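Here are some worked exercises to try with the coordinates open beside you. Have a go at each task before you read its solution.

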Amino acid sequence: MFNCPNCQSKDIGKIGINQYYCWNCFIELSLSQGMINTHQVEEDGSLSSLDDLFDEEQRRYIL
Ligand SMILES: [Zn+2]
């Protein structure tokens, strides 16, 4: 498992194939090609990327 790149919490739930949700800071996380992609769920249900907020180092994960 990995820590949330935003809040470092391990309180992450699986919501789909390669898709996770951080229950601590309420962002959606998806895994692809060794990187964690971060998304915020907007009030209208759409997703906006938060990847710009993190360095590649922070978004890298090791299984
Ligand atoms: Zn988090």
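**Exercise 1. Find what share of the contacts with a separation of 6 or more comes from residues 24 or more positions apart, then describe the overall build of the chain.**

Step 1. In the protein chain, residues 24 or more positions apart make up 19% of the contacts with a separation of 6 or more; a contact means that two C-beta atoms, placed from the backbone, lie within 7 Å.

Step 2. Before going on, keep in mind that this is a predicted model, in which local features need pLDDT of at least 70 and side-chain atom pairs count only at pLDDT 80 or more, while totals for chains, interfaces and linings use all residues. Residue numbers start from 1 along each chain as its sequence is written.

Step 3. Next, the secondary structure: the protein chain has one helix and five strands, in the order β-β-β-β-β-α from the N terminus. Helices (H or I, at least four residues) and strands (E, at least two) are DSSP runs, numbered from the N terminus.

Step 4. Now the dimensions. The C-alpha trace spans about 35 × 25 × 20 Å along its principal axes. The radius of gyration is 11 Å, which agrees with the value near 11 Å for a compact globule of 63 residues; it is taken over C-alpha atoms, and the globule rule is 2.2 Å times the number of residues to the power 0.38.

Step 5. Finally, burial: 11% of the 63 residues count as buried. A residue is buried if 20 or more other C-beta atoms lie within 10 Å of its own, exposed if 12 or fewer, and partly exposed in between, with C-beta atoms placed from the backbone.

**Exercise 2. Work out the strand order of the sheet and say which strands stand at its edges.**

Step 1. The five strands form an open sheet in the order 1-2-3-4-5, with antiparallel pairing; two strands pair if DSSP finds at least two bridges between them.

Step 2. Strand 1 and strand 5 (47-49) are at the edges: each has a single partner strand, so one side of each lacks a neighbour in the sheet.

Step 3. On average, neighbouring strands of this sheet are turned by 35° against each other, direction ignored. Axes here are lines fitted to C-alpha atoms, for helices over the stretch in contact, and angles run from 0 to 180 degrees between N-to-C directions.

Step 4. Look at the edge strand 1 (residues 12-16) again: the count of buried residues among its five residues is zero.

**Exercise 3. Walk through the hairpins and pick out the turn residues with a positive phi.**

Step 1. Strand 1 is joined to strand 2 (residues 19-22) by four bridges, and G16 stands opposite Q19. Two residues separate these strands in their hairpin, and N18 in the turn has a positive phi of about 60°. N18 is not a glycine, and it is exposed, with 11 C-beta neighbours inside 10 Å.

Step 2. Strand 3 (residues 27-32) and strand 4 (residues 35-41) share six bridges; I27 has Q40 as its bridge partner, and L31 has I36. Their hairpin also has two residues between the strands, with Q33 in the turn at a positive phi of about 50°. Q33 counts as exposed, with 5 other C-beta atoms within 10 Å.

Step 3. Strand 4 and strand 5 pair over three bridges, and H39 stands opposite S49. Five residues lie between the two strands of this hairpin, where G45 in the turn has a positive phi of about 90°.

Step 4. For context, most residues other than glycine have a negative phi.

**Exercise 4. List the residues of the largest nonpolar core and follow the contacts of L29.**

Step 1. The core has five residues: C4, C22, I27, L29 and I36. A nonpolar core is a set of buried Ala, Val, Leu, Ile, Met, Phe, Trp, Tyr and Cys residues joined through C-beta atoms within 7 Å.

Step 2. Setting aside neighbours within four places in sequence, L29 is in contact with C4, I12, Y20, C22, I36, N37 and T38.

Step 3. Compare L47 in strand 5, which is partly exposed, with 14 C-beta neighbours inside 10 Å. L47 touches E28, H39, Q40 and V41, not counting residues up to four places away in sequence.

**Exercise 5. Locate E57 and describe its surroundings.**

Step 1. E57 belongs to helix 1 (residues 56-59).

Step 2. E57 counts as exposed because it has 7 C-beta neighbours inside 10 Å.

Step 3. Along the chain E57 and P5 are 52 residues apart, and their C-alpha atoms are separated by 9.6 Å.
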